[in-house]
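Me: Got a model up on the screen and a few things to ask about it. Can we go through it bit by bit?

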Amino acid sequence: MLALAIGSAMAALMAIAAALATRRRAVAVEARLATASRDLEAIQQAFSRFAPAAVVEDIVTQGFSTQSEKKEVTILFADVKGFTPLAERLDPAVLVRVLNGYFAGMSRAIERHSGHVSKFIGDGILAVFGALESNPWQANDAVHAALAMRSALADYNASLRAQELPALAIGIGIHRGTVVAGVIGSADLVEYGLIGAAVNTTARVEKLTRTHDVDILVTAAVQEVLDRRFQLRAMAAATLRGISEPVQTYAVDGFEAATPRPP
Amino acid sequence: MTSPAPSRADDSRPVDWGVWGECLVPVGTAQADLKAELRRHIGATPSWVGRISACPWLGFTCADFMSNATLHVDAQLWQLIGLVVSRDNSCRYCYGIQRATLKIFGHPEEYLARLERDFQSVALSPQARAALTFARKISRADPRPSADDFAGLARVGFSRTDVAEIAFTAASSVFMNRIATILALPLEPLEAFTESWFFRLIRPLMVLQSKTVMRLQGAPRLAAPPPAPPGAPGTAVLAALAESPAAAVLRRGLDRAWSSDLLPRRTKALMAAVIAKALGCTNGEAEARTLLGAEGLTSVDVDEILANLGSAKLDARDARLVPFARDTVRYQAPAIQLRAREATVGLSPGEILEAVGVAALMNAVSRLSVLLEAC
């Protein structure tokens, strides 16, 4: 009887110990899952600034997204003028610091006007308006962003000069057109990207800022829908690589809230 | 439309919401009738009631929207929709309240955390899952819910009125999220309280109190909305909600907003037009254009204002409130609070509250207009 009682007690104790161990393992697994979930959410929040919410959810839930669509967007491309000689002159650490400060200021200006920075390409910035969310005012937003970038750069240059560093000059090209937007890349590297002639045209319009010696150029596709309070100057039509007809562009001098330009 | 009981699990860390700014309006003296109305609706007086005293209609409309005015959306689903939409809109205030309410009614922390992160992975009935997915689409409105979305709801057993009420529940959250976020209403201590040991002790009493309040309110009753005053928007959307008591709630909110003279009707109609255009709500934009025509604006003037979110013909206040209305459609919390501060410089507390209230209301109405398109 005593042996039976001791045996039963020991069996009970062993069962309790096993249950406690199982519970400890379950708690540890749940803690790891909670940590992984929080990390995933942080990635999701970060990625949602570069892709539409539906695309982000696809990637989170199934690891990929096949969503792609044709949409009309307004594209802004900005580039630092004379960057190559600048890069050769400056110490690498200083160059990176200057560039990052520039990127931060320009990104703020773009995002403040409902744009999204799609990518940094060397010293270039590719921004898009109307890609992540529908935006009936994308053309106006893009040009307001460009003016804000001009103003932000002036402030940044003042701080660079105070540090005895060379000031930066930029060219900005803005164009509006239809692109295919979707998740593109390989298994190892993907991005939410834009494909279409409009992207190339924008980059080439930016290059024209050097030809016309201005800092902001917009194409006719932008000009025709733009708020008449933007002060524009027509530039001579120029030939762009890959486009048979000369392209008409307009320099943006400013925005006069009280006085619209003539129709 | 009910959800199965959640499983028990451990606590998890709350989400990082970033900085919640200072409230946009000062504290005033809260009206006794408003306090009584809030207590009748939700059983308590929120801490912000004094801050919206300068715009009485807003307080009464918030009271209406903070309780369940539907016939077919049960209390749990109503709270779950509020939680999901509030999180989607990054509304720290509403999210905290909804979370605390769900905890009072017995949902453990881990269930709520999983629900917030991805409600697709949580044990929900097909109907609840479909309702939450639809509610989030109503809130995001990009793209707007389509005929396929409505067909999906019908497949899991929702009637047309059920769908309208789910949409209204989401739109109620859209409204309250904007009021709380744009004004930066001070956070309630309720959520922190639900983390305390004392809460665990008195939770049964709180549940009893909440159920008593709901029992005293009674079920929402379907009543014909009062006749619309001339010139108030939302007629078509109200007709789409006609089989629900929610129609009367929305009617009262719109009528109060349009009858108030803190801001001119022209300003309110301009904001409504901009929000409708931003959300692709053709019905709402057409209604607002009609209202603007009655206020003396030509169609050419309205075309210019809507195309450019501005015009040399706008006065200084409208020149700021028109683009601000667009900013209220989709936003990040810190940025919209900063924008609100910039846009309302020089306005009285009453004007600020009315501007935010109208923006919030028209965001709800323009999202509800999907009921006209596909339902």
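Me: Is Arg251(B) buried or exposed?
Reply: Arg251(B) is buried, with a relative accessible area of 5%. Buried means under 20% relative accessible area, exposed means over 50%, and partly exposed is in between (1.4 Å probe, protein chains only). This is a predicted model, where local features need pLDDT of at least 70 and side-chain atom pairs count only at pLDDT 80 or more, while totals for chains, interfaces and linings use all residues. Residues are numbered from 1 along each chain as its sequence is written, chains are lettered from A and ligands numbered from 1 in the order in which they are written, and side-chain values use heavy atoms, with hydrogens and water left out.

Me: What does Arg251(B) form a salt bridge with?
Reply: Its partner is Asp255(B), and the closest N and O atoms are 2.8 Å apart. A salt bridge here is a side-chain nitrogen of Lys or Arg within 4 Å of a carboxyl oxygen of Asp or Glu. Both residues lie in helix α12 (residues 246-259) of chain B, four residues apart, about one turn of the helix. Helices (H or I, at least four residues) and strands (E, at least two) are DSSP runs, numbered from the N terminus.

Me: And Asp255(B), buried or exposed?
Reply: Asp255(B) counts as buried, because its relative accessibility is 11%.

Me: How many salt bridges over all chains?
Reply: The count comes to 26 over all chains. One of them joins the side chains of Arg176(A) and Glu72(A), at 2.4 Å, N to O. That pair links distant parts of the chain, with Arg176(A) in strand β4 (residues 169-185) and Glu72(A) in strand β1 (residues 68-81) of chain A, 104 residues apart. Arg176(A) is buried at 16% relative accessible area, whereas Glu72(A) is partly exposed at 40%.

Me: Which side chain does Arg112(A) meet in a salt bridge?
Reply: That of Glu342(B), at 3.2 Å, N to O. Arg112(A) lies in helix α4 (residues 92-112) of chain A and Glu342(B) in helix α17 (residues 333-343) of chain B, so the pair joins two chains. Arg112(A) is partly exposed, with a relative accessible area of 43%, and Glu342(B) also counts as partly exposed, at 34% relative accessibility.

Me: Which residues are linked in a network of salt bridges?
Reply: Asp79(A), Glu206(A), Lys207(A) and Arg210(A) are linked that way.

Me: Switching to cysteines. How many disulfides over all chains?
Reply: Zero over all chains, where a disulfide is a pair of cysteine sulfur atoms within 2.5 Å. Cys55(B) is in no disulfide, and the nearest cysteine sulfur, that of Cys62(B), is 9.2 Å away. Cys55(B) is buried, at 0% relative accessibility.

Me: Why is there no bond from Cys94(B) to Cys91(B)?
Reply: Because the sulfur of Cys94(B) is 3.3 Å from the one in Cys91(B), its closest cysteine sulfur, and that is too far for a bond. Cys94(B) counts as buried too, at 8% relative accessibility.

Me: Back to Cys55(B). What is Gly350(B) in contact with?
Reply: Leaving aside its neighbours within four places in sequence, Gly350(B) is in contact with Ala54(B), Cys55(B) and Leu262(B). Contact means heavy atoms within 4.5 Å. Gly350(B) is found in helix α18 (residues 349-368) of chain B and counts as buried, at 5% relative accessibility.

Me: Where is the cis peptide bond?
Reply: A cis peptide bond joins Asp142(B) and Pro143(B), with omega about 5°. Pro143(B) has its place in the loop between α6 (126-140) and α7 (147-155) of chain B. Most residues other than glycine have a negative phi, and most peptide bonds are trans.

Me: What's the phi of Leu309(B)?
Reply: Leu309(B) has a positive phi of about 55°, although it is not a glycine. Leu309(B) sits in the loop between α15 (299-308) and α16 (316-327) of chain B, and at 11% relative accessibility it counts as buried. Asp213(A) has a positive phi as well, near 55°. Asp213(A) is in the loop between α6 (197-212) and β6 (216-219) of chain A and counts as exposed, at 67% relative accessibility.

Me: Last one. How many helices and strands has chain A?
Reply: Chain A has seven helices and eight strands. Buried residues make up 41% of its 263 residues.
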